[in-house]
Amino acid sequence: MSQAMTAAQLKVIAGAGARADLVAAIVRGWPTAVAKARLTTRLRAAHFLAQIMTETGGLQILEESGAYRAARILEIFGVGHHSAAVTEAEARRIAALPVVQRGPVLFNRVYGVGNPRKMREFNNTGPNDGWLYRGGGMMQTTGKSNYAAREKKTGLPLVAHPELLHQPDPAFTAAYLEWAQDGRCNAAADRDDVVAVRKIINGGSNGLAECRVYLTRAKKALADYSVEPADVAPAIIGDAGPEIVAPVGELEDPAPASSPPNVQPLDPDMRGDAVLYDVQRRLKARRYSPGVLDGRWGSGTSGALSGFMNDRGLTLVLPSSVDEFHGIADQVRAELARAETEIQPDGSIGWYRPVSAARAGADPKIVTQLAPEVVPARRNFLVTLWSSIAAGAGAVWQTVSDSVTRAWDFFTDHRDVVDDHPGLVSTLWEHVTALPSGLWLLLGAGGLAFIAYNSWRAIKTSTLAVTTGERQ
C-alpha cells in the first residue's frame, strides 16, 4: 500500500492555521488520491500538496474571498488586469457595501452576467451564477462549466449543489481528480517545475511566492515518501472511487447565506464574523491574545491587531468595527501569511511576537508588573505546600504510632455491634468519628496539595503568557 499521509505532516506543510477538518479529509482520501492521481513520487506529492496549500491559504478556506477592499478589487479585476475591467468608481461602490452583499455583487459582476466574456466562458448565464460558482474547493474551481466538469469526474451533483465544494471531502476529491485530468501536472512535477505547475492550476503566477514556500516545506516533510509501483492501481479518470461522501441530504449543511463570503465558519460553535474569527485565531498563534475567539470585534481584538501591525510595520489605520476591519482584512491576512511562513535565523519557520531578553527570561519584576495575580498565587502555593507537607508528616507519625492499636481495639470492642445493637446507623457514625486522627490529617494533606498544585499551574500559565509576549 502507499505510504499513509499523516496529519502531522500536513500541519507542518500548512502551518499553524490548518483546519482540522481539512487535514482529516486529506488523510482519509490520500490512498485513493495516490491511485487516481498517480502521486507515486515525493516530487509529485509535494507539488500537489503545495498547490492545495496555496489555494486554501494553508488549509484554511474553501471559498474564494469576496470581502475585498477597493484597491484589491482593482488589483485583481480592474482595467488591464481582468476581462471584467472594473473601474475605480465601481470598485469603491462595491467595497462600500456590507460584507454579506459585497461577494454576490462582485462575483456576479466579474464572473457572471456583468462580464459577458466570462459569462460565456463559464456558462454563468443565471443572474446569480457568478456568485454560486465562484472559486471553491481545494483547487478553487471557478465557473458553472468547470463545476459541471468536476461533477462528471466526482459523481457529485456540483451544478445543483455548488456548496459541496465548500465541504472537505468532496473538495479533496475534486482536487486530486483535477490534478490527474491530463497528466500535465505530474509531468511538470517530475521536472520540479513549480512555475509550470502553478500555471496549469492557476492559469498564471498568482500565489507563486507562497507556493514555493509550501513546496519547500512539503519536500522536507515528505523526505521519506515513496510508493511501490505494484501497489498503485491504474488511475481511472472519471471514477471518483468508493470514498465519495454521503448523498447530498446526509452531508452537513452549507454555510448560512449570511456568512461572510470568503471563509466558511471554522467552528460550529462560533458566533460572529468568520473572517475576523480566522484573523483572531491566527493572531493568537503568533502570541497576540485577542481574548475570546468569537469572531466579534472588541478591545482584546483591537489590542492584538494593533500590536501585530506595529511589530510588523503595517501602516494601516486601526479599525474600530467589523466593517472597518474588512477594509484592511486582506492586507492583515497577507501579512499573517508572511509571518507564518517566514524563515528565522535559526532555520525554523514562523515568526512570533518579539520579546525582550528580560521578559523571555521571566524577570520577576516584569512578571509581577504584567501579571500581578502571580504574587498571591505564589503566596498561596507556598502556604498550602508547606501546610500539606506538615499535615502529611503528622498523619504518617500518628498512623505509625497508634493505628494498629486503635484498629485492634475497634475490632475487639465492637465485634457484636452489627448483630446486637439496635441503632446500626448511629453506631457506624460513631465508628467513623472514632477513626484515627492520622487519617483525617492525611485527607487534609491531600486537599492542601491539590490547592498547591492549582496555584503552581496558575503561576506557570501567567508567567508563560508574559515570557512569550502574549500578556502585555
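Here is a walk through the structure shown above, from its core out to its surface and its charged pairs. Keep in mind that you are looking at a predicted model.

Let's begin on the inside. In soluble globular proteins, nonpolar side chains tend to be buried together. Here the largest nonpolar core has 45 residues, and the members that touch the most others are W30, F48 and W179. Many helices chip in to build this core: α1 (7–14), α2 (20–37), α3 (42–56), α10 (168–180), α11 (184–190), α12 (194–202) and α13 (208–221) each give it at least two residues. Apart from this core there is another one, made of 17 residues, and L305, L314, I328 and L336 are among them.

Now zoom in on W179. Which residues does W179 contact, once its neighbours within four places in sequence are set aside? The list runs through A37, L39, R44, H47, F48, Q51, M139, C185, N186, A189, V197 and I201. Spot F48 in there: F48 and W179 are both among the core residues that touch the most other members.

Q51, another contact of W179, deserves its own stop. You'll find Q51 in helix α3. Is Q51 buried or exposed? Q51 counts as buried because its relative accessibility is 0%, and the cut-off for buried is under 20%. The side chain of Q51 has a polar partner: a polar contact of 2.7 Å joins it to the side chain of R198. Beyond its neighbours within four places in sequence, Q51 is in contact with M138, M139, W179, V194, V197, R198, I201 and C211.

Next, have a look at helix α9, which covers residues 144–154. Its buried residues are K144, Y147, R150, K153 and T154. What covers them? The cover includes α7 (116–122), α8 (129–132) and α10. You have met α10 already, as one of the helices that supply the largest core. After α9 comes G155, with a positive phi near 80°.

While we're on backbone angles, two other residues are worth finding. L59 is not a glycine, yet its phi is positive, about 60°. L59 sits in the loop between α3 and α4 (70–77), and it counts as buried because its relative accessibility is 0%. Q140 is also a residue other than glycine with a positive phi, in this case near 50°. Look for Q140 in the loop between α8 and α9. With a relative accessible area of 15%, Q140 is buried.

Time to step outside. On the surface, L382, W386 and I389 form a nonpolar patch, and together they have about 330 Å² of accessible area. L382 belongs to helix α19, which spans residues 374–413. Why does L382 count as partly exposed? Because its relative accessibility is 41%, and partly exposed runs between the 20% and 50% cut-offs.

Finally, let's follow the charges. The whole structure has 21 salt bridges. One of them pairs R28 with D169, and their closest N and O atoms are 2.9 Å apart. R28 is in helix α2 and D169 is in helix α10, so this pair ties together parts that are 141 residues apart in sequence. At 24% relative accessibility, D169 is partly exposed.

Another salt bridge joins K219 and D192, with 2.8 Å from N to O. This pair also links distant parts of the chain: K219 is in helix α13 and D192 is in the loop between α11 and α12, 27 residues apart. D192 is partly exposed, at a relative accessible area of 33%.

E75 and R72 make a more local pair to look at: both are in helix α4, 3 residues apart, which is about one turn of the helix. Their closest N and O atoms are 3.0 Å apart in this salt bridge. Both partners are partly exposed, E75 at 46% relative accessibility and R72 at 28%.

Salt bridges can also be found as a group here: D278, R281, R282, R333 and E340 are linked in a network of them.

Key. Residues numbered from 1 in each chain as written. Predicted model: local features only at pLDDT ≥ 70, side-chain atom pairs only at ≥ 80, totals over all residues. Heavy atoms only, no water. Core = buried A, V, L, I, M, F, W, Y, C linked by side-chain atoms within 4.5 Å. Buried < 20%, exposed > 50% of the residue type's maximum accessible area, 1.4 Å probe, protein only. Helix = DSSP H or I, 4+ residues; strand = E, 2+ residues; numbered from the N terminus. Contact = heavy atoms within 4.5 Å. Patch = residues over 30% accessible without salt bridge, like charges linked within 9 Å, V, L, I, M, F, W, Y side chains within 5 Å. Areas by Shrake-Rupley, 256 points an atom, 1.4 Å probe, with all protein chains shown as cover. Salt bridge = Lys/Arg side-chain N within 4 Å of Asp/Glu carboxyl O. Polar contact = N/O pair within 3.5 Å; in protein donor to acceptor, adjacent residues only side chain to side chain.
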